[in-house]
Amino acid sequence: MKSQPLKWLAGAVAFGAAAALLDALFLEKYFFEVKTFNIGLPEGSGKKLKLILLTDLHFKHHLWPPYRKLARKVNALEPDLLLITGDTLDSSGNTMPMAKFFRLLDEKVQKVAIPGNNDYRADKSLQSLKEVYRQHHCDFLINESKAYTLRGERIMVTGMDDFIEGKCRLRKAVQHVGREAHHLLLVHSPLQQEPVLAETARINHERAPEEQLKFDYIFAGHNHGGQVRLPGYVPVLPNKSGDYINGWYNSSPPYLYLSKGFGTSSVPFRFDARSEVTFFNYYV
């Protein structure tokens, strides 16, 4: 009889371990969350644009069911613009599953992407990546800016090269860009915002007020929300992550949103860092 409590304790521990394993290997990857935010002007005071942020898809060698589910969700949300902030490929991956995924997306949706460090490691010249993006009507910005017209509104998007494997050249990216009413900045690593904003201040110091840059929002990935977390503790973050984990940062514009991303790298599971799609109602 004295051993009965020990049996209950052992059973509880085993159940907990099994539940944690199920969550890490299956639930957090397959049952992603859609996080929704209202940004821009106060809700209802302007025209609403729908933006989706995807990052860290980490396509490897197969298009697994969660990615097909993701494509269906993206199409159902009917975005005006799809933003992709790097690491579309895993360092060990190739473009075959990426191409299959993009074929599932509504081709009418405007799309824009930037590279991440794993994209470079998988495809040194990025030529294969560029070709898949081109075939599926997705702009690939590397130290470049492009204006999009969404529901009659002009949105400027500046995309930076990767912070680790690339060469970041903000001056090149904005050489023909002045003050915009709506300006979004895409970076892969959130830490990259620090040198970019410092360079922005130097550029603005050289410009007349009406030509000075005004970024409204910065969108980033790279950190996977820690990917494997313990309560109140993130054991490991990728290189050049800084102290950023996930969520909103900066107390004044430009506000930074750091997504937990969708795929996995290094270890094939997540824990306490569920895969994410980020949906923004952008009031302009």
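In this predicted model, strand 6 (residues 144–150) and strand 7 (residues 153–159) are joined by seven bridges in the antiparallel sense. The two strands form a hairpin with two residues between them, and Arg151 in that turn has a positive phi of about 50 degrees. Two residue pairs fix the register: Ser145 is opposite Thr158 in strand 7, and Leu150 has Glu153 of strand 7 as its bridge partner.

The hairpin strands belong to an open sheet of six strands, ordered 6-7-8-9-11-10 and with mixed pairing. Its edges are strand 6 and strand 10 (247–249), each of which pairs on one side only. From one strand to the next, the twist averages 25 degrees.

There is also an open sheet of six strands with the order 1-12-2-3-4-5, where the pairing is again mixed. Strand 1 (33–40) and strand 5 are the edge strands, each pairing on one side only. Here the average twist from one strand to the next is 20 degrees. Within this order, strand 2 is joined to strand 12 by six bridges and the two run antiparallel; Leu53 has Thr278 of strand 12 as its bridge partner. Strand 2 also pairs with strand 3, in the parallel sense and over four bridges, with Ile52 opposite Leu82 in strand 3.

The strand pairings described above are set side by side below.

| Strand pair | Sense | Bridges | Example of opposed residues |
|---|---|---|---|
| Strand 6 and strand 7 | antiparallel | seven bridges | Ser145 and Thr158 |
| Strand 2 and strand 12 | antiparallel | six bridges | Leu53 and Thr278 |
| Strand 2 and strand 3 | parallel | four bridges | Ile52 and Leu82 |

Strand 3 is mostly covered, with five of its five residues buried. Leu81, Leu83 and Thr85 point one way from strand 3, whereas Leu82 and Ile84 point the other way, and all are buried. Helix 2 lies across strand 1, strand 2 and strand 12, and runs at about 170 degrees to strand 2.

The largest nonpolar core has 32 residues, of which Leu54, Leu70, Phe101 and Tyr133 touch the most other members. At least two residues of this core are supplied by each of strand 2 (48–54), helix 2 (65–77), strand 3 (81–85), helix 3 (95–104), helix 5 (127–135), strand 5 (138–140) and strand 12 (276–283). Helix 2 gives the largest share, five residues. Leaving aside neighbours within four places in sequence, Leu70 is in contact with Phe32, Leu54, Leu57, Phe101, Phe262 and Val277. Another core, of 21 residues, lies apart from the largest one; Leu49, Leu81, Tyr148 and Tyr257 are among its members.

Helix 3 and helix 5 pack at an angle of about 10 degrees, their axes lying 10 Å apart. Because angles under 35 degrees count as roughly parallel, helix 3 is roughly parallel to helix 5. Their contact is made by Thr95, Met98, Ala99 and Phe102 on the side of helix 3, and by Ser128, Leu129, Val132 and Tyr133 on the side of helix 5. The crossing of these two helices is right-handed.

Key
Residues numbered from 1 in each chain as written. Predicted model: local features only at pLDDT ≥ 70, side-chain atom pairs only at ≥ 80, totals over all residues. Heavy atoms only, no water. Pairing = 2+ DSSP bridges. Core = buried A, V, L, I, M, F, W, Y, C linked by side-chain atoms within 4.5 Å. Buried < 20%, exposed > 50% of the residue type's maximum accessible area, 1.4 Å probe, protein only. Contact = heavy atoms within 4.5 Å. Axes fitted to C-alpha atoms, helices over the stretch in contact; angles between N-to-C directions. Parallel < 35°, antiparallel > 145°, perpendicular 65-115°, else oblique. Left-handed = near helix turned anticlockwise from the far one by under 90°.
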